[in-house]
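The following paragraphs lead the reader through selected strands, sheets and one helix of a protein chain. Please keep the sequence and the structure in view while reading.

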Amino acid sequence: MNVTRSGVVVSGYAGSGVQIAAPDGALLMLHGGPAGDPALLDDETIVYRAADDTLHRCGLWGGSDELVDPQGSSPLYAGGGQWLAFLAGNGGVRAPWALRLPAAAALGMAPDGTAFVVVDYQGDRGIAAYRPGQLQPAYVLPDARVQVGQFACLDGGRFVWTIADGQNILRASGLPAPAQIEPAYGPALIEVDGEVWIAYGTQSDRLLLHQLSDASKGFVLSTRETFGLALWSPAPCEIEACWSGNTGHVGPITRARVRLADAQPIPFPAWPKLNRKVGVGYFKVTTGAGAFDAPGHFEILTDGVPWFSVRDKTRPVIADLESAASVPVGQLIAIFADVYQTWDPRQIADRRGVPVIWYSDEFPYPDRSVWPTSGDFLMLKCYPTATPAEIDRELSRLEGVHPRLAVAWPSYVQTPPTWSLAECLAHQRPLFDVVRRHPSVTLIGCFSGPGRSGGIGTYPELAPYVDRLLAASDGLPNLGVIVPTPGPTPAPVPVPDPIPDPEPSPEPVFLGGVFMADIAGVIHYDGTRPSTAAGKQRLSMRGGGVFSVERDGSVRGADGNADGRFEQFAVKGDLVTVNSANPGEPDNFHTFAGVDVSGF
């Protein structure tokens, strides 16, 4: 569909005829039958494919009809008095200035007559631009791969296209990076008062109009499927969109005219229900003391982030071994583990009566010589580095070997950027549809919460997608708590004599490290098991430093804690959390431990 600068619409597609629609809605069918694909040579002349599959030129409202090429075309483009035809398998791309590209595919033509083509539509050689009269390309974009979906241009140097991989992500050349909140179909561009606007159809059948670089506000022009979109500006600061309601692009033309100053926030479309319980939670990762409130059925704590930093302490927790020690009994619902880690979390998971969630930072999911138990989960990363179709196939493969799956959901932009914000946003709904098709997926871990750089705190556009996931799920499923087989009752161990305090070192050294409490409440540091006596635990540290956790919850060093290098955090009951840090080294990572002193 084309529209002149006065608002006259020229439409028709794939044998539906050639239709001219005046701004007042009056229709003129110039050529019926198996003809169509008209394009504007200028505001007074069109070129079209006739019933005998030849190309003709005629006036906008009829008049003389002239043969311009004996070969047909599908599709046909025009601009600046030039035309661009494409006939797959019978000549490829051609233009009236003797341009012949047998292996190419036509993409579009700018108002100045610049022809845009995919250089080799069966290869991988990018997008090329040919100026009128030139037989050599003005430029080639080798990074614009052949999987081009749709194309739209403003002029010979500014254009957008979509990647035809199911996500329909918008790309741009000569323009700011496009923003989008849904996959884009059939884009159209227009520049008004120095601002570039884009309109496109979406997977939810909405027709959106917004500034190219800002999808947060604009206009929802339609909530029904649209075809043959075209844009023009009837007045300063105004845009009118024109489209058809059928695939032939003929019949009544719908017009929507908007004042750009009236742009409103674009609401997110509702997603369908998953029809099952799928737990949705946030990864905290290395947010540490940056506690935050976030929606979700559970929290995922990793890298030693302690339980006391969680504000909503009623919410269940999934934690790795570094963080699990701080999680009270009854709060922990699973152990999070990397599939390639050197230590086995099974013993701790069995003691706590929870499954293991085995995550891999590879795609596809790596095969292992020993697979997890049937009660565990395999967590597949579903980042935009893999297409939804590839993720779909990998989930199908995993379903054939394991009954319970989880997915790592992308809600952040990686640094350095492996994928862009636009790619991450466009990935959301197609990925949701993939997960919906796989009933084995019952857990979704969202990367990453407001506390992480590159996450929702940096890009708030990502937050509504977590709301969509939560609304689509009926809640946290039963993870199938594993009850360990009870072993024999251990023989009582006699309490050793108290160990006297050692003489304080003249200059004790306290180093930051990972302090973990196992299920029995015993602190470990680098594999060292401290002795316990007289209501205290003691641990010798590298450099000669010594610390103890007293029965009253205080933390003491060999020098009486005079240097203040240990801080304590009382929580509930007898659970004491300890922060180890060296103030003299500001880059030293603060690590934590949870210690149950009730038995001392």
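Contact here means heavy atoms within 4.5 Å. The model under discussion is predicted.

With that meaning of contact in hand, the helix α3 is a convenient place to begin. Helix α3 comprises 12 residues, 388-399. From its first C-alpha to its last, α3 reaches 16 Å, close to the 16 Å expected at 1.5 Å a residue. Its buried residues are Pro388, Ile391, Asp392, Glu394, Leu395 and Leu398. An α-helix has 3.6 residues a turn, so residues three or four places apart point the same way. The elements that cover the buried residues of α3 include the strands β33 (377-381), β34 (405-410) and β35 (441-447), together with α4 (421-436).

A run of parallel pairings can be followed from β28 onwards. Strand β28 (residues 279-283) is joined to β29 by three bridges, and the two run parallel; within this pairing, Phe283 stands opposite Ile300. In a regular strand the side chains alternate between the two faces of the sheet. Strand β29 (residues 298-301) has Phe298 and Ile300 pointing one way and Glu299 and Leu301 the other way. Are these residues of β29 buried or exposed? All of them are buried.

From β29 the path continues to β30 (residues 317-319), again in the parallel sense and again through three bridges. Here Glu299 has Val317 as its bridge partner. Three bridges also link β30 with β31 in parallel, and Ile318 is partnered there by Ala334. Strand β31 (residues 332-338) is largely enclosed by the rest of the structure, because six of its seven residues are buried. Beyond it, β31 pairs with β32 (residues 356-359) in the parallel sense over four bridges, where Asp338 stands opposite Tyr359.

Elsewhere the pairing is antiparallel. Strands of a sheet pair through backbone hydrogen bonds, either parallel or antiparallel. One open sheet is built from four antiparallel strands in the order β13-β14-β15-β16. Why is one side of β13 and of β16 left without a neighbour in the sheet? Both β13 (105-109) and β16 (139-141) stand at the edges and have a single partner strand each, so one side of each remains without a neighbour. Neighbouring strands of this sheet are turned by 25° against each other on average, direction ignored. Within the sheet, β14 (residues 115-118) and β15 (residues 127-130) are joined by four bridges and run antiparallel; Val117 in this pairing stands opposite Ala128.

A second open sheet has three strands, in the order β24-β25-β26, and its pairing is likewise antiparallel. Its edges are formed by β24 (227-232) and β26 (253-259); each has a single partner strand, so one side of each is without a neighbour in the sheet. The twist from one strand to the next averages 20°. Four bridges connect β24 with β25 (residues 238-244), which run antiparallel, and Phe227 stands opposite Ser244.

The cysteines complete this account. How many disulfides does a search of the whole structure find? The search finds zero disulfides. Residues count as buried under 20% relative accessible area. Cys153, at 18% relative accessibility, therefore counts as buried. Cys424 is also buried, with a relative accessible area of 0%.

Methods. Residues numbered from 1 in each chain as written. Predicted model: local features only at pLDDT ≥ 70, side-chain atom pairs only at ≥ 80, totals over all residues. Heavy atoms only, no water. Pairing = 2+ DSSP bridges. Axes fitted to C-alpha atoms, helices over the stretch in contact; angles between N-to-C directions. Disulfide = S-S within 2.5 Å. Buried < 20%, exposed > 50% of the residue type's maximum accessible area, 1.4 Å probe, protein only. Expected span 1.5 Å × (residues − 1).
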